[in-house]
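Colleague: I would like a close look at the charged pairs in this assembly, and at the setting in which they sit. Please take your time and keep the terms explicit.

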Amino acid sequence: MSDLLRSYLTVGVFLGVAVALVAAILGLGRLIRPSRPQPDKYVNYESGVDPVGSMWAQTQVRYYLFALLFVLFDVEAVFVFPFATRAEAYGWFGFVEMGVFIVVLALGLLYAWKKKVLRWV
Amino acid sequence: MRSLVLAIELAWWQQTVLRTIGVLAAVLLPAGTLVYVFLFKMMSFMQSRLGPMEAGPYGSMQLLAEVGKWIQKEDIIPWRADRKLFAMAPYIVVMTVFLTYVGVPFGPDAWFADLDVGIFYILAVSSISVLGILIAGWSSANKYSLLGGLRAAGQLIAYELPMVLAVVGVVIQAETLNLQGIVAAQHEGAIFGWDGIGNPFILTQFVGFLIFLVALQAELTQTPFDMPVAESELVSGYMTEYSGMRFLLFFIAEFASAGAFAAVAATLFLGGWALPGVDLDADYMNVLGPIVLLAKIMLVAFLVFWVRFTYPRFREDQLQQLAWKVLIPLSLVNILATMALKVAY
């Protein structure tokens, strides 16, 4: 197996170790802890009074526009990283190219700013 | 961890066993140390009290006493909760910390996986924890938990960007994504021709370091960015319905990921496991390296917790504005300036 795949096999091994650790801790707890079920214990906590209405309350997701912007800039970051490793090799040509790319995206941010999207309503 | 037993070539499964022990130590030891030194002791001294003193000398066994207490707690899952998802959330959050440590090198041969896309991989996996937090908030079937989970999601995606963009400056200077390469670049670098102490990127990327620290604070949901768990507003946010060992797992994950992110910050900006003037390939660095890195982790974590114990909480709308109107434009300018200087010199 190549070194590259072996490296990512380590990632898989660590995933297994993490799951095993959590399972071991919870399993140990299962052996030690008491269990005296009473219906009152299993009521949702709502500051001490009986819960009101459905628990999955409808909430306004205020930041879906932020999320859209986030996707945009995250993709930008994906493009910037490969370039960043070779910044010196590309010289001023690369600088101008990347500068245009970043400035265009910054203009997008500025537009969102002026449109008052960046406010937490 | 390839040849901790010096000059003995180990089979792959033997390396894997060593790495497994190594990652358990890397996750649990800094987490425990951070809780005792900073949360128990430093916070107490800052508030003019002694903190735990009874369990062991200077209360140093307090942490074990706490674990012993939590493990005896009855397991309570609210009857309305989505049981499968409720049980799954702690797994995801703890898993993220383990996956983050995969990329961090502790010495010339003491690494878990020498990934060529190192820092890119770390930034990618470190954002998985938000899924665990959202699942925890949603599956608890509790209004506080739901609000906490949604706040956490909004906050973590907002501060993901400044963090990623701050790292770009480091990558431009080091010309590699590999964390061993970044350590070597800082060790062998020079600041405008002066190479007395190499080039720890905290000096030439100071703005990047500051942005990274602020984003770090927000990603770890430490005060002043602790709206997802704001005690005075949301009881305990997405953790409200968790009790006993499940709560403890969230708690461990919080401090273990503080250690993991501090390790990443130390590697990117403070020179990682290397010290100025040492030989990078020397065998003794496999022993000295982890100690040096741990010292730097404590240094970064000290800054994080110092801020945590000092400042009050932001308002939710101020939080988003800081990320989008200050940090992201600043990091874009930082990238452009770094590129220009890199090309010019």
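**Charged pairs and their setting**

Modeller: Being three residues apart in helix 2 of chain B, B:Glu66 and B:Lys69 are separated by about one helical turn, where helices (H or I, at least four residues) are DSSP runs numbered from the N terminus. This is a predicted model, in which local features need pLDDT of at least 70 and side-chain atom pairs count only at pLDDT 80 or more, whereas totals for chains, interfaces and linings use all residues. Residues are numbered from 1 along each chain as its sequence is written, chains are lettered from A and ligands numbered from 1 in the order in which they are written, and side-chain values use heavy atoms, with hydrogens and water left out.

The side chains of B:Glu66 and B:Lys69 form a salt bridge, 3.6 Å from N to O; the term requires a side-chain nitrogen of Lys or Arg within 4 Å of a carboxyl oxygen of Asp or Glu. B:Glu66 is partly exposed at 21% relative accessibility, and B:Lys69 is partly exposed at 40%, given that buried means under 20% relative accessible area, exposed over 50%, and partly exposed in between (1.4 Å probe, protein chains only). Side chains of opposite charge can pair when their charged atoms come close.

Over all chains, six salt bridges are found. One pair joins two chains, because B:Asp75 lies in the loop between helix 2 (62-71) and helix 3 (83-101) of chain B, while A:Arg33 lies in the loop between helix 1 and helix 2 of chain A. In this salt bridge the closest N and O atoms of B:Asp75 and A:Arg33 are 3.7 Å apart, and A:Arg33 counts as buried, with a relative accessibility of 16%.

B:Asp75 also forms a salt bridge with B:Arg246, at 3.1 Å from N to O. That pair links distant parts of the chain, since B:Arg246 belongs to helix 11 of chain B and B:Asp75 to the loop between helix 2 and helix 3, 171 residues apart. B:Arg246 is buried, at 10% relative accessibility. Through shared partners, salt bridges join A:Arg33, B:Asp75 and B:Arg246 into one network.

As for the wider interface, 68 residues of chain A are in contact (heavy atoms within 4.5 Å) with 77 residues of chain B. The area buried between the two chains is about 7000 Å², with carbon and sulfur atoms giving 76%; buried area is the accessible area (1.4 Å probe) that two parts lose on being put together, summed over both. Across the interface of chain A and chain B the rule finds one salt bridge. On the side of chain A that touches chain B, the elements giving two or more residues are helix 1 (3-32), helix 2 (64-85) and helix 3 (87-114) of chain A. Helix 1 of chain A supplies the largest share of that side, 20 residues. By class, the side of chain A that touches chain B has 47 nonpolar, 12 polar and nine charged residues, where Ala, Val, Leu, Ile, Met, Phe, Trp, Tyr, Cys and Pro count as nonpolar, Asp, Glu, Lys and Arg as charged, and the others, Gly among them, as polar.
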